[in-house]
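Here are my notes on the model you sent over. Have the structure open while you read, since the points jump around the chain a bit.

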Amino acid sequence: MSTAGRTTADDDGELERLRAQVRDLRARARVYPLISQAQGMLQERYALPDGESAFALMQRASQRYNVKLRTLAGVLVTAPRPDGREPLWFPRRVRRPEPDLTFTTAHRSGSGSRGAVLKAVLSRTLTVTGTDMGNVQVTDPARGGLRIEEHTGLTPDFVDFFAHVGEDGTSCAQAARDVAQVTVREVESDPVFTEPARRAILAAGSRACHSVPLTTASGACVGMVSAHLDRPLRGLTTSQTETLATMGAEAGRWLAWHDRTVVLDALEYLHAQGRAGRGSRMRRS
């Protein structure tokens with residue numbers, strides 16, 4: 001290889017390293033304020049000596065119940081403050097049985113199966129739509145909108161750009177707002193996208209997409225799964241949309257159960273640990 005060729009390759013490698021660093025910084029910036037807010041609340045609530053002790057308390061609950069720290073912090077800062085006189089955070093909570101899922105057996109492994117269920121949702125959607133690119137988003141209790149939790153076949157720049165989406169400018173936002181499946185036959189011309197979103201999708205190699213809301217028994221949207229195709233899409237058959245609708249309803253009910261059961265169990269554990277160790281210094285495990 002010539003010196004010029006090596007220089008160009010080195011420059012390209014350095015550029016990609018810098019872009020990766022920027023993506024990492026943006027990811028940290030999205031999560032840090034929320035974690036910091038949760039630490040402050042816990043430090044005040046349980047008279048903890050420092051933020052490190054508050055983080056350790058969250059980490060214990062996160063690891064014990066296999067709930068992502070980001071998810072735990074988001075629910076913690078939006079949940080009603082526990083009654084200091086009560087040993088339980090949610091003393092009148094009614095526990096429901098875990099809903100069954102017909103498209104996967106991942107949930108049968110117990111409380112640590114949320115990630116496996118979301119992977120199964122994505123896998124099933126991609127199989128039905130005949131593609132290998134897609135992502136699953138969940139609703140964000142702290143910021144509103146949707147955030148990506150699972151993805152495959154998509155570029156790092158795509159995942160960075162759409163890490164969190166609001167209520168407008170994308171097909172998934174429209175599907176969440178209308179609580180209905182949305183098909184984009186051609187990304188290049190569909191008016192649902194803002195121009196920056198359109199460019200980001202096209203740059204990832206997606207030319208069409210289909211979004212399916214994950215809904216509760218009451219019809220609320222708690223997540224979204226989207227399939228991206230490298231070719232224009234004429235549309236899905238009735239059988240395909242019905243299969244995806246059934247899956248979306250099952251997955252949505254399961255996610256709602258997980259949030260009301262496993263995630264709240266994690267908060268109850270955190271509350272018990274905080275009360276027991278009130279005023280004490282705690283260490284990360």
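The points below go from the overall layout to helix packing, then to salt bridges and one strand residue.

1. First, the basics. This is a predicted model, so read every number here as computed from its coordinates. The chain has eight helices and six strands, and from the N terminus the order is α-α-α-α-β-β-α-β-α-β-α-β-β-α. The C-alpha trace spans about 60 × 55 × 30 Å along its principal axes.

2. On burial and contacts: 47% of the 285 residues count as buried. If you take contacts between residues at least 6 apart in sequence, 63% of them join residues at least 24 apart.

3. Helix α8 (residues 238-276) is a good place to start, and α3 (residues 69-78) is one of its partners. Their axes are 10 Å apart, at an angle of about 75°. Angles of 65 to 115 degrees count as roughly perpendicular, so that is the label for α3 against α8. From α3, the contact uses Leu72, Val75 and Leu76, while α8 brings Val263, Leu264, Ala266, Leu267 and Leu270. What kind of residues make up the contact of α3 with α8? Eight are nonpolar, with no polar and no charged ones.

4. Now α4 (114-129) against α8. Here the angle is about 170° and the axes are 11 Å apart. The two helices are therefore roughly antiparallel. On the α4 side you'll find Arg114, Val117, Leu118, Val121, Arg124, Thr125, Val128 and Thr129. The α8 side consists of Gln240, Thr243, Leu244, Met247, Ala251, Trp254, Leu255, His258 and Asp259. This contact is a mixed one, with nine nonpolar, five polar and three charged residues.

5. Helix α7 (residues 195-203) is worth a look down its axis. Its buried residues are Ala197, Arg198, Ala200 and Ile201. Their directions fall within an arc of 165°, so they line one face of the helix. The general background is that an α-helix has 3.6 residues a turn, so residues three or four places apart point the same way. On the other side of α7, Arg199 and Ala203 are exposed. What do the buried residues of α7 pack against? Their partners are α5 (156-161) and β6 (221-229). Following α7 comes Gly205, which has a positive phi, near 90°.

6. On to charge pairs. Side chains of opposite charge can pair when their charged atoms come close. Searching the whole structure gives 15 salt bridges. One of them joins Arg284 and Glu52, at 2.7 Å from N to O. Arg284 sits in the segment after α8 and Glu52 in helix α2 (residues 51-65), so this pair ties together parts 232 residues apart in sequence. Buried or exposed? Neither, as it turns out: Arg284 is partly exposed at 44% relative accessible area, and Glu52 is partly exposed too, at 31%.

7. Arg93 is the residue I'd click on next. It forms a salt bridge with Asp265, where the closest N and O atoms are 2.9 Å apart. Arg93 is in the loop between α3 and α4 and Asp265 is in α8, so the bridge ties together parts 172 residues apart in sequence. Arg93 is partly exposed at 22% relative accessibility, while Asp265 is buried at 14%.

8. Arg93 has another salt bridge, to Glu268, with the closest N and O atoms 3.9 Å apart. The cut-off is 4 Å, so keep that in mind when you look at this pair. Glu268 lies in α8, 175 residues from Arg93, and is buried, with a relative accessible area of 11%. Which residues does the network contain? Through shared partners, salt bridges join Arg93, Arg95, Asp265 and Glu268 into one network.

9. Last, Thr215 in strand β5 (residues 208-215). Thr215 is buried, at 14% relative accessible area. Beyond its neighbours within four places in sequence, Thr215 is in contact with Val179, Ala220, Cys221, Gly248, Ala249, Gly252 and Arg253.

Terms used. Residues numbered from 1 in each chain as written. Predicted model: local features only at pLDDT ≥ 70, side-chain atom pairs only at ≥ 80, totals over all residues. Heavy atoms only, no water. Axes fitted to C-alpha atoms, helices over the stretch in contact; angles between N-to-C directions. Helix = DSSP H or I, 4+ residues; strand = E, 2+ residues; numbered from the N terminus. Parallel < 35°, antiparallel > 145°, perpendicular 65-115°, else oblique. Contact = heavy atoms within 4.5 Å. Nonpolar A, V, L, I, M, F, W, Y, C, P; charged D, E, K, R; others polar. Buried < 20%, exposed > 50% of the residue type's maximum accessible area, 1.4 Å probe, protein only. Arc of directions from axis to C-beta. Salt bridge = Lys/Arg side-chain N within 4 Å of Asp/Glu carboxyl O.
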